[in-house]
Each structure stands twice: as C-alpha cells, then as structure tokens.
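Colleague: I have a new model on my screen and would like some help reading its surface and its charges. Could you take me through them?

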Amino acid sequence: NDPNIAHIPVVLLSARSGDDATVEGLEAGADDYLVKPFSARELLARVRANLELDRVRRLVTEMERGRELLDNAESLAHIGSWELDLRTDRIRASAELLRILGATEGYLATHGLADVLSTVDSHDRDRVRDAISQAIDHGVPLDVEVRASRLDDGEQYLCRVRAVAEQVKQSSLPP
C-alpha cells in the first residue's frame with residue numbers, strides 16, 4: 001500500500017509446490033513464485049526479469065501520462081497533432097485532431113492522405129499539395145491555412161496546418 005515501494009517486484013520463495021500453492025502466492029500479490037530448492041542462477045534470472053518488467057511497466061505508465069498531458073494541452077489550445085507515414089499512407093492523429101476533423105481512429109486506419117485532403121476546400125487543395133511536396137522534396141516546413149469540412153457533419157472551418165517532413169533512415173526501421 002506504500003506508493004514509495006509499491007512498484008518493487010516481489011518474488012515469493014516457498015517450499016510449497018504445486019499449482020494451488022503457486023496460484024495462492026500470485027493471488028496474494030507476488031510478482032513471481034519460486035519453489036525450493038532452486039539454483040542461485042534461476043533466482044537471479046527471475047529477479048532480473050521482474051526488475052526489467054517493472055522498469056518497462058513504469059516506462060509505459062510515464063508514456064501514458066505524457067500522452068494524457070499532451071492530449072489535455074492540445075484540447076485546451078484547440079490544436080491537433082498528427083503523423084503521416086508516406087510509405088504506407090497511414091495517418092496517426094491525436095484525439096483533438098480527430099475531434100477537429102470529425103473523424104474516428106477507425107476512419108484514419110482505413111483512409112489515407114488523399115481522403116483527408118478531400119475535406120479541404122477545392123480552392124485550397126492545390127496550395128496544400130504544393131506545400132506538402134515542398135516539405136517532402138526540399139525539407140521546408142509546411143505552414144498553410146486552409147478551409148476544410150468536418151467529416152462527420154460537413155461543417156466548414158478554417159485550419160492552419162504546420163508540419164516538418166522527417167526522413168527516416170531505412171536501417172532504423174523495424175523489420
């Protein structure tokens with residue numbers, strides 16, 4: 001119950017073997033259960049694994065908290081953030097950008113840049129395409145104001161789109 005030590009993994013060492021004993025130990029709050037006799041190597045391996053798992057859990061919690069803070073800041077400022085992978089034509093967007101666009105994550109999962117650009121007023125589309133091309137081809141920041149329509153209700157709005165194109169090295173891509 002002490003938040004200062006609650007994250008420390010507990011490895012329960014016991015002479016009681018069997019599924020019932022293991023389940024009872026884990027249900028009591030242990031992170032791992034080791035039956036005697038055991039080797040020092042096995043104990044050290046389990047301790048290392050539990051410490052690493054704890055480190056990863058804390059990192060994930062910190063990342064989730066950071067995402068919540070960013071989402072709150074974007075919502076208060078009425079600013080949405082996004083990422084476009086040109087190789088796959090996949091767009092990832094913040095909750096606020098989805099709200100601004102009138103879109104869902106499901107929509108963005110099945111639609112690409114061309115579909116999102118179709119919401120831009122026809123008078124602004126060529127200017128947006130040119131700005132995107134300049135950003136990609138010449139590394140210039142994208143900064144364009146456009147009129148667009150929300151996907152869910154067609155309501156028109158004025159939007160400023162700012163972006164920077166980043167080159168991803170092929171060797172750094174996951175397999």
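Colleague: How much area does the chain expose, and what share do carbon and sulfur atoms supply?

Modeller: Accessible areas here come from the Shrake-Rupley method with a 1.4 Å probe, and for residues only the protein chains shown count as cover. The chain exposes about 12800 Å², with 54% of that supplied by carbon and sulfur atoms. Bear in mind that this is a predicted model, where local features need pLDDT of at least 70 and side-chain atom pairs count only at pLDDT 80 or more, while totals for chains, interfaces and linings use all residues. Residues are numbered from 1 along each chain as its sequence is written, and side-chain values use heavy atoms, leaving out hydrogens and water.

Colleague: What percentage of the residues count as buried?

Modeller: Buried means under 20% relative accessible area, exposed over 50%, and partly exposed in between (1.4 Å probe, protein chains only). Of the 175 residues of the chain, 23% are buried.

Colleague: How many salt bridges are there?

Modeller: A salt bridge is a side-chain nitrogen of Lys or Arg within 4 Å of a carboxyl oxygen of Asp or Glu. That rule gives 19 salt bridges. In one of them, arginine 55 pairs with glutamate 52, with the closest N and O atoms 2.7 Å apart. Arginine 55 is partly exposed at 42% relative accessibility, and glutamate 52 is partly exposed at 38%.

Colleague: And how far apart, N to O, are aspartate 143 and arginine 162?

Modeller: Their salt bridge spans 3.7 Å, N to O. Aspartate 143 is partly exposed at 39% relative accessibility, whereas arginine 162 is exposed at 57%. Elsewhere, Asp121, Asp124, Arg127 and Arg147 are joined into one network by salt bridges that share partners.
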